[in-house]
Amino acid sequence: PEILLLDLGLPGASGWSVLAALRAHPAFQTLPVLIVTAQREAVAQVARLNDPWLDLVLKPFELATLLERVDRLLQRHRALSADEGKGQALEGPWRGA
């Protein structure tokens, strides 16, 4: 997959545990993940993870906002993947407004 939309409020499972399992698997360590949640405290949790392949959108949201976040995350993924291929460090302020 190119991107995963992950709701933290999964029935019978924690979205955080799903994310941890994904990141533990080599094939999914750099998979762009957009967390979709109504949990405002998740903003701070995502920031603490400092994962350039991760972003978040809070519910409720407009479709345009969701599409903008998906596009931005995919663009970041392409740019970071290209930089990684050139041996450059993955640094920078990856969280946009």
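Two strands are taken to pair if DSSP finds at least two bridges between them, and helices (H or I, at least four residues) and strands (E, at least two) are DSSP runs, numbered from the N terminus. The structure described here is a predicted model, in which local features need pLDDT of at least 70 and side-chain atom pairs count only at pLDDT 80 or more, while totals for chains, interfaces and linings use all residues. Residues are numbered from 1 along each chain as its sequence is written, and side-chain values use heavy atoms, with hydrogens and water left out.

By this criterion, β1 and β2 pair in the parallel sense over four bridges, and Leu 6 has Ile 35 in β2 as its bridge partner. Strands β2 and β3 also run parallel, joined by five bridges, with Val 57 in β3 serving as the bridge partner of Val 36. The connections were assigned a hand, a crossover being right-handed if, with the strands pointing away from the viewer, the path from the first strand over the helix to the second runs clockwise. A right-handed β-α-β unit is made by β1, α1 and β2, and another right-handed β-α-β unit is made by β2, α2 and β3.

Accessibility was classed by relative accessible area, with buried meaning under 20%, exposed over 50% and partly exposed in between (1.4 Å probe, protein chains only). Strand β3 is mostly covered, as four of its five residues are buried. In soluble globular proteins, nonpolar side chains tend to be buried together. A nonpolar core is here a set of buried Ala, Val, Leu, Ile, Met, Phe, Trp, Tyr and Cys residues joined through side-chain atoms within 4.5 Å. The largest such core has 10 residues, among them Leu 6, Leu 19, Ile 35, Val 46 and Leu 56, and α1, β2 (33-37), α2 and β3 each supply at least two residues of this core. A second core, separate from the largest one, has seven residues, including Leu 34, Leu 66, Val 70 and Leu 73.

Charged side chains were examined for salt bridges, defined as a side-chain nitrogen of Lys or Arg within 4 Å of a carboxyl oxygen of Asp or Glu, and the structure holds six of these salt bridges. One of them joins Asp 7 to Lys 59, with an N to O distance of 2.6 Å; this pair links distant parts of the chain, 52 residues apart, since Asp 7 lies in strand β1 (residues 4-7) and Lys 59 in the loop between β3 (54-58) and α3 (63-85). Asp 7 is partly exposed because its relative accessible area is 26%, and Lys 59 is likewise partly exposed, at 30%.

Another salt bridge is formed by Arg 23 and Asp 51, whose closest N and O atoms are 2.9 Å apart. Here Arg 23 belongs to helix α1 (residues 15-24) and Asp 51 to the loop between α2 (42-49) and β3, so that distant parts of the chain, 28 residues apart, are linked. Arg 23 counts as buried because its relative accessibility is 17%, and Asp 51 is buried at 12%.

Arg 72 and Asp 55 also meet in a salt bridge, at 3.3 Å from N to O, and this pair links helix α3, which holds Arg 72, to strand β3, which holds Asp 55, over 17 residues. Arg 72 is partly exposed at 21% relative accessible area, whereas Asp 55 counts as buried at 7%. Salt bridges that share partners join Asp 55 and Arg 72 into one network with Glu 68, Arg 69 and Arg 76.
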